[in-house]
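Let's take a walk through this structure together, starting with the overall fold and then turning to a few charged pairs. Keep the 3D view open as you read.

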Amino acid sequence: MMHWLASEAALRLVAFLSVLAALAAFELWSPRLARPELAGALKTRRWLTNLSLVVLSTVLLRLFLPGAAVGTALLAAERGWGLFNLVTVPPLLAGIASFVVLDFAVWLEHLASHKVPLLWRIHRVHHADTGFDVTTGLRFHPLEIVISMIWKVAVVAALGAPAVAVVVFEVVLNATSMFNHSNIGIPEHVDRWLRRLLVTPDMHRVHHSTFHDETDSNYGFNLPVWDRLFRTYRAQPRAGHEAMAIGLEQWRDERPGRVGWSLALPFAESPPDVKDRVR
């Protein structure tokens, strides 16, 4: 198992670095929006903070959940746990079904992180970013990453998901999170077609609006079907992408660009004159 996990970790690292580098280059070559927070010193500060958060989250996971979802899949197969280890299903079908169910589970978790006050306190670290680029897709509080992994581990164990399907899902989820937060220019007609198959940056950017009703939409990271099915899909922001305000209204200053502030945010109180997004 340890050899399998080491290979999986190496694969995920190579995929992560490759996608990050490709999207960062694409943002420089063909940016979707030109904003102050996406250039110069502000961008550098944001990138250092967002990348620091993903490094801290990765270290925390390796310390406390070293096997994580893939290790759980291997253990479930060895001990016969979960649906697909109890019933005879073609491996390809089990893999596809596991991928789809895991994607829905992540969508559901994201929805809960906006509706449950305790989870929102942690998740708002992600939304506090006043910029929207490839590193925003990596900006999650380490506590949220651990909670998310515990949830995925439970789903993997219940499904008896094939380990290969879990690896594919994790690689794709990480890549699409960076993609749909990226500041890349996609022609409008291509975006209209692509968002029927995959969550695009223009689709997910709406979710990072300061308007509560827009933040309560487009929860998907990968497959867009769940937002359409549960009527949380919103095509465009009311102010347009160029003019929309991104982030959290109560913290639209330089503080979200600080690592220490971002780590402490779940434990901080909102200003009394600002209504929290959770209703």
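How many helices and how many strands are there in the chain? This is a predicted model, and its chain has 12 helices and 0 strands. Reading along the sequence, you simply meet one α element after another, in the pattern α-α-α-α-α-α-α-α-α-α-α-α. The radius of gyration of the chain is 19 Å, close to the 19 Å that the globule rule gives for 279 residues, so the chain is as compact as a globular protein of that length. Along the principal axes, its C-alpha atoms fill a box of roughly 55 × 40 × 40 Å.

Now look at how the chain packs. Of its 279 residues, 49% count as buried. Take the contacts between residues at least 6 apart in sequence: 75% of them join residues at least 24 apart. On the outside, the chain exposes about 13,200 Å², with carbon and sulfur atoms supplying 70% of that area.

Next come the charges. The chain carries 27 positive and 24 negative charges, and the mean positions of the two sets are 1 Å apart. The structure holds 16 salt bridges, and three of them are worth finding on your screen.

Start with arginine 32, which forms a salt bridge with aspartate 202; their closest N and O atoms are 3.1 Å apart. Arginine 32 lies in the loop between helix H1 (2–29) and helix H2 (40–64), while aspartate 202 belongs to helix H9 (residues 201–205), so this pair ties together parts that are 170 residues apart in sequence. Is each partner buried or exposed? Arginine 32 counts as partly exposed, at 22% relative accessibility, whereas aspartate 202 is buried, with a relative accessible area of 9%. The pair also belongs to a network of salt bridges that links Arg32, Asp202, Arg205 and Glu242.

Then move to arginine 46 and aspartate 129, a salt bridge whose closest N and O atoms are 2.7 Å apart. Arginine 46 sits in helix H2 and aspartate 129 in the loop between helix H5 (117–127) and helix H6 (142–159), so the pair links distant parts of the chain, 83 residues apart. Here arginine 46 counts as buried at 6% relative accessibility, and aspartate 129 counts as buried at 2%.

Finally, aspartate 216 forms a salt bridge with lysine 115, with 3.4 Å between the closest N and O atoms. This pair links the loop between helix H10 (212–215) and helix H11 (225–229), home of aspartate 216, to helix H4 (residues 91–115), where lysine 115 is found, 101 residues apart. Lysine 115 counts as partly exposed, at 44% relative accessibility.

Terms used. Residues numbered from 1 in each chain as written. Predicted model: local features only at pLDDT ≥ 70, side-chain atom pairs only at ≥ 80, totals over all residues. Heavy atoms only, no water. Salt bridge = Lys/Arg side-chain N within 4 Å of Asp/Glu carboxyl O. Helix = DSSP H or I, 4+ residues; strand = E, 2+ residues; numbered from the N terminus. Buried < 20%, exposed > 50% of the residue type's maximum accessible area, 1.4 Å probe, protein only. Rg over C-alpha atoms; globule rule 2.2 N^0.38 Å. Contact = heavy atoms within 4.5 Å. Areas by Shrake-Rupley, 256 points an atom, 1.4 Å probe, with all protein chains shown as cover. Lys, Arg positive; Asp, Glu negative; His and termini not counted. Charge placed at Lys NZ, Arg CZ, Asp CG, Glu CD.
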